[in-house]
Amino acid sequence: MSLWIDSVMRNDRAPTADFQSMLFTFFMAFVMGQVVGWVYQRTHSGLSYSQSFTASMVTLPILVAMMMLLMADNLSIAFGLLAVFAVVRFRNVLKDTRDTVFVLWSIVEGMAVGTGRSTLALVGSVFIGAVMFYLYVTQYGARHNFDTIVNLMFNSDSDEVSAAIDRVLNRHSLTSQLASAQEVSPGNVDVSYRLTLRNPARRLELESELRGLDQVQRVSIFAHEDESEA
Amino acid sequence: MPSTANRIPVPLPHRIRYLLSQQLQGVLFLLSLVAVGVLWMRRTPRVIISGQVEMIQVTVPASQDGVLQWSEPAITRFDRVQKGVTAIAKLDVSESLLEMQTLTAERRQLEAELDAQRQSLSRDQIEWDRQTDEDHRQRKQQTIDLQRAQLDAREHVDALRREWGDLDQRHRLLLIKHQETKQQITTADVEIKTLNAQLARIKSLVEQRMSPASESTLIEQQLALVRKTQTDAVELEKTIANHLLELNRQTQATGERLQGALAEQERITLIADAKQGVAPTDRASPGLSSLDSAAMLEPYVQALVVQDVKIQALAHKIASNQILAPVSGAITEIHQPPGTFVRGGDPIVTIASDQSRWIVAYLDQKDRQSVAPNSKVQITLVGTESLQVESAVAEIGNHYESIPEELLRNMDVQQWGVPIKIPLPPGISTTPGQLVQLVIY
């Protein structure tokens, strides 16, 4: 155990350009980025949460690590990077963090190829590209995973209506969450559900089943891939 | 509780998508952690330093004293030379050639003297052989005479010894007899006195008619007898004394003769020993022994040997007047212009060798313990990052020394390090002095 702790505490080494070191650097940066992203995702409070920003937390450490491998104690390359980035930044106003990541990625790839670090460029592009696809596929950073919003209004006098609505929603969805409930008039409640449909192609069937329920007056369904979290 | 009996089946693509979105993050994170762990444990301590391809500069000295001349064609800076082939310069050897002629003439003279000496010895040998036969006969006769004389002298000495022995024995016997006679005389004197006293007493008694006169007569007879005995003893004692004197004289004479005989015998023995000390010449011997001949010719032979040594040294000196390049490379500096008189050992040119066998680098004190002989090294030639070769640390120095400027990380700060040597892998082309990047595992 003490050997492991010693290995952890005293393992700082200068990065080198060999393949194994490169892989270690990228994987380590990816793991650290994941940790940063998850912590940010779990601890963020407020309305300005952005999935794109959270996803960038995963990619940025990898890019910066690649940058440091590229520079490798070379001041001229460091200053060159600084200059290029400053030029790009001032010339283009980047609204989205994800755009910044891609710009940075492009810059770093260009510098790697330009300084003859072809292996680093290739490995970096493959790894970062894979990470980007991973972030896309897993919808990394999305706090709420749903693809459909169902708004409906019903008469709340009868309890059976709620149960019937739940049965229908349960039949069609993997997960459902009551987003809001508002009594618009005495006895009439306007509710909104966030659903992850079991089969998005049968959305219309869901709508027709809901409309077929007694006491349900208005049904509207929105297909929603991403919320306003973007 | 809503029934799940009528639940819509989830299409496979949607199921996969849902799984990916829910599970993939965790799975990938765990896999990444495993990969990091594995790669972490496989990371070995590394030292990254700069090194330099060994630069060997050889200063070519003059092989001997002489006036320097350039070879044809004359060399200039940056000319390439080949080891053992390219002639850099030569030294004027005209004086050495004259000296060689002198030495050669001297050697011929020495050879002539040696031959003359050999002929002289040969003539002496012939004369020696001739004289040897006569000397041999004379020596043999002398030997026989000496032996005979020795034998005679021995016999004479033995006879004299026997005679002397007899005389000595007779002398002893006479001495004993003489002593006895003296004793008889002394006894007779005592007896006479006793008898006289007795007679006087008897006579007084006779006068006093107290004793018969026959007693005095008897005593007088005894007295006369004793006196007669004494007289005879005295006569005998005189005779013995005379004989003793005679014997002493004879003994002395015999002793002197014996002394003479012994001296003569010793003299003859000395002569015989002296004769034996000289090795008798044998007719079969070469006369002058081979050792004698060699001893007489030795100075000439030695002089020839010395002369040969001088000639060889001078020949070597003449042969080495041409100075060839000791290593292959390029001339970086010319120290002496042609026409200069140089002494043996003076530098003439400096050559930067093409062949470098080592890469030299320096380890900081903090990295010293991480590196050991045979540690794997990855070499990257500066300026050609794509060219990487592997080697191993061959040797680590045992002292800290000042790091050369070209290997300093910071020119303004003097650093100290332990030198290490790394052999250049075969097949790569390097230039002496070239900087390289080293990663030592």
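## Strands β11 and β12 of chain B

Strand β11 (residues 376-381) of chain B is joined to β12(B) by 5 bridges, and the two strands run antiparallel. One position in this pairing is B:Lys376, whose bridge partner in β12(B) is B:Ala392. The model described here is predicted.

Strand β12 itself covers residues 388-392 of chain B. One face of β12(B) is covered and carries B:Val389 and B:Ser391. The other face is uncovered and carries B:Gln388, B:Glu390 and B:Ala392. In general, side chains in a regular strand alternate between the two faces of the sheet. B:Ala392, the partner of B:Lys376, thus belongs to the uncovered face of β12(B).

## Strand β1 of chain B and its two partners

Strand β1 (residues 47-53) of chain B has 5 of its 7 residues buried, so it is largely enclosed by the rest of the structure. Buried here means under 20% relative accessible area.

β1(B) pairs with two strands. With strand β16 (residues 435-440) of chain B, the pairing is antiparallel and extends over 6 bridges; within it, B:Ser50 stands opposite B:Gln437. With strand β10 (residues 358-363) of chain B, β1(B) shares 3 bridges, again in the antiparallel sense. There the bridge partner of B:Gln52 is B:Val360.

## A four-stranded open sheet in chain B

Chain B also holds an open sheet of 4 strands in the order β6-β5-β3-β8, with antiparallel pairing. Its edge strands are β6 (322-324) and β8 (341-342), each of which pairs on one side only. Strands of a sheet pair through backbone hydrogen bonds, either parallel or antiparallel.

Within this sheet, strand β3 (residues 66-70) and strand β5 (residues 87-91) of chain B are joined by 3 bridges and run antiparallel. B:Leu68 stands opposite B:Leu91 in β5(B).

## Chain B as a whole

Chain B contains 4 helices and 16 strands. Of its 441 residues, 31% count as buried. The chain exposes about 28,000 Å², of which carbon and sulfur atoms supply 55%. Among contacts in chain B between residues at least 6 apart in sequence, 80% join residues at least 24 apart.

One of the helices is α3 (residues 213-277) of chain B, where B:Glu266 is found. B:Glu266 counts as exposed because its relative accessibility is 52%, and exposed means over 50%. The C-alpha atom of B:Glu266 is separated by 8.8 Å from that of B:Gln150, although the two residues are 116 residues apart along the chain.

## Chain A as a whole

Chain A has 8 helices and 4 strands. From the N terminus on, its elements run α-α-α-α-α-α-β-α-β-β-α-β. Buried residues make up 44% of the 230 residues in this chain. Chain A exposes about 12,300 Å², with 59% of that area supplied by carbon and sulfur atoms. Of the contacts in chain A with a separation of 6 or more, 74% are between residues 24 or more positions apart.

## Helix α6 of chain A

Helix α6 (residues 118-138) of chain A has 21 residues. From its first C-alpha to its last, α6(A) reaches 30 Å, close to the 30 Å expected at 1.5 Å a residue. After the helix comes A:Gln139, whose phi is positive, near 55°.

The buried residues of α6(A) include A:Leu120, A:Val123, A:Phe127, A:Ile128, A:Val131, A:Met132, A:Tyr134 and A:Leu135. Also among them are A:Gly124 and A:Gly129. What covers the buried residues of this helix includes α2 (19-43), α3 and α5 (97-114) of chain A, together with α1 (12-42) of chain B. The cover of α6(A) thus includes elements of chain A and of chain B.

## Two positions in other helices of chain A

A:Ser52 is found in helix α3 (residues 51-71) of chain A, a helix that is part of the cover of α6(A). A:Ser52 counts as buried because its relative accessibility is 12%. Leaving aside neighbours within four places in sequence, A:Ser52 is in contact with A:Asp96, A:Thr97 and A:Arg98.

A:Leu82 lies in helix α4 (residues 75-91) of chain A. With a relative accessible area of 58%, A:Leu82 is exposed. Together with A:Leu75 and A:Phe79, A:Leu82 makes a nonpolar surface patch of about 370 Å².

How values were computed: Residues numbered from 1 in each chain as written. Chains lettered and ligands numbered in written order. Predicted model: local features only at pLDDT ≥ 70, side-chain atom pairs only at ≥ 80, totals over all residues. Heavy atoms only, no water. Buried < 20%, exposed > 50% of the residue type's maximum accessible area, 1.4 Å probe, protein only. Contact = heavy atoms within 4.5 Å. Areas by Shrake-Rupley, 256 points an atom, 1.4 Å probe, with all protein chains shown as cover. Patch = residues over 30% accessible without salt bridge, like charges linked within 9 Å, V, L, I, M, F, W, Y side chains within 5 Å. Salt bridge = Lys/Arg side-chain N within 4 Å of Asp/Glu carboxyl O. Pairing = 2+ DSSP bridges. Expected span 1.5 Å × (residues − 1).
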